[in-house]
Amino acid sequence: MEEVVIVGAGIAGLATAVALKKVGVHALVLERSEGLRATGAALSLFPNAWRALDALGVSEKLTSLYPPFSKGYVTDVKTKAIQEVRFDASKGGGGEQRTVHRRILLEALAEELPPNTIRFSSKLTSIDTLVEQGSSICILALEDGTIIKSKVVIGCDGVHSRIACWLGLGEPVDSGRSAIRGIAVYPQGHGLNHEAQQFVDVSKRGGFLPLNDKEVYWFLACKAPPKGADMGGDPNLLVREVADNLAKDFPPLYLDIVGHSDFSTVTWAPIIFRYPWDVVLGNLIRANITVAGDAMHPMTPDLGQGGCLALEDAVVLGRHIGSSVSQRGQLETRDVGFALERYVRERRWRAAMLIAASYLSGWVQQDGSSWWMKFLRDVVFYKFLLGKAVSASRYDCGKLC
């Protein structure tokens, strides 16, 4: 009998395992792949994520590697108009925006876990529950025939989560856009200022953020699926499609960065999200089984909050599940159900609002070239609404105890 089984060793899964370890609860992490996966190459972490990493005791491993951004610029490709955006850490009460390698983040979390916590090549085939001595027990069957019993199961298995499906949540929907991401490498140094840059055009938005002195993370979100998507996401075709077609009107610096891509980091994926009302009204818990991270709240990347919310989820889960530990150091099965319900109540509305805000942000920044869309984007959104949206990144999820 396991205390907790976490399905998925992504950001949400590993962070949740670390949080549970900190409150004295052992978790087994099941990962279907043969090792840690780092699809997406890099991600930006905002103050809310750094507060969560502080609570997990991991932040110092990363802040020493990645300097913070103090400001960024948004350029209209057609008009050349530039908006400056400042990232004022003092308003956040501690923490800044930094962009990190996804693999480094995963490794920093995994290093906090005891040996054999993560069981790789573990493919889930079925989920069931039964009642033993008046308490609900979860039963997981794996492809290799292994049967695992657990008091709690937490689905952190991504946007196409089997746990979310079992709970009855609807499949995420296609936003009609896709994203290409990669990391450019300059062996002799790129010489760029440490500033975030975005470029907005009709139906597309790109940008880049330096990771360190030699690497730059770049991205492009667009409506039309790139040609490389039809070739299984061939990185060479993707890079050529970005440079020769999708971003041909972008500044030469952006195209130079794309041209320096390490092909092993270049990926394409459709941008999908869960309807916010599915999160508000959907069944996020049943029989001591719940979800976290993208399994609960897949969202568009326009506010950069997907990974940040996953880290918040982990801290909130750890805090509530930790309150169900008995004096003997074991989870009280009956109490943990109430703990999971408190977790869901705390996360449901915040996740739904950020899904909606992120989708709206992407729609305003990319859709249409009419005068009223330009007015919404350049006057209403960038000057008034963007600041309020960014304020969501200053949220404090609290401590573990």
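Contact here means heavy atoms within 4.5 Å, and the legends below describe close-up views of a predicted model.

**Figure 1. Aspartate 313 and the residues that surround its place in helix α10.** In this predicted model, aspartate 313 belongs to helix α10, which runs over residues 306-322. Setting aside residues up to four places away in sequence, aspartate 313 touches Ala292, Gly293, His297, Tyr343 and Arg347. One of these residues, glycine 293, also offers its backbone nitrogen to view, and the side chain of aspartate 313 reaches that atom at 2.9 Å. Because its relative accessibility is 0% and buried means under 20%, aspartate 313 counts as buried.

**Figure 2. Helix α1, from residue 11 to residue 22, and the glycine that follows.** Helix α1 has twelve residues, which at 1.5 Å a residue should span 16 Å, and its end C-alpha atoms lie 17 Å apart, so the computed distance agrees with the expected one. The helix is mostly covered, with ten of its twelve residues buried. The buried residues of α1 are Ile11, Ala12, Gly13, Leu14, Ala15, Thr16, Ala17, Val18, Ala19 and Leu20. After α1 comes glycine 24, which has a positive phi, near 90°.

**Figure 3. Threonine 39 in the loop between strands β2 and β3.** Threonine 39 is located in the loop that lies between β2 (27-30) and β3 (42-45). With a relative accessibility of 60%, where exposed means over 50%, threonine 39 therefore counts as exposed. When its neighbours within four places in sequence are left aside, threonine 39 is in contact with Arg102 and Thr267. The view also takes in alanine 269, which is 230 residues from threonine 39 in sequence, although the two are 9.8 Å apart in space when taken from C-alpha to C-alpha.

**Figure 4. The protein chain as the setting for the close-up views.** The secondary structure of the chain comes to twelve helices and 17 strands, and buried residues make up 55% of its 401 residues. Of the contacts in the chain with a separation of 6 or more, 74% are accounted for by residues 24 or more positions apart. The protein chain exposes about 17200 Å², of which carbon and sulfur atoms supply 53%.

Terms used: Residues numbered from 1 in each chain as written. Predicted model: local features only at pLDDT ≥ 70, side-chain atom pairs only at ≥ 80, totals over all residues. Heavy atoms only, no water. Helix = DSSP H or I, 4+ residues; strand = E, 2+ residues; numbered from the N terminus. Buried < 20%, exposed > 50% of the residue type's maximum accessible area, 1.4 Å probe, protein only. Polar contact = N/O pair within 3.5 Å; in protein donor to acceptor, adjacent residues only side chain to side chain. Expected span 1.5 Å × (residues − 1). Areas by Shrake-Rupley, 256 points an atom, 1.4 Å probe, with all protein chains shown as cover.
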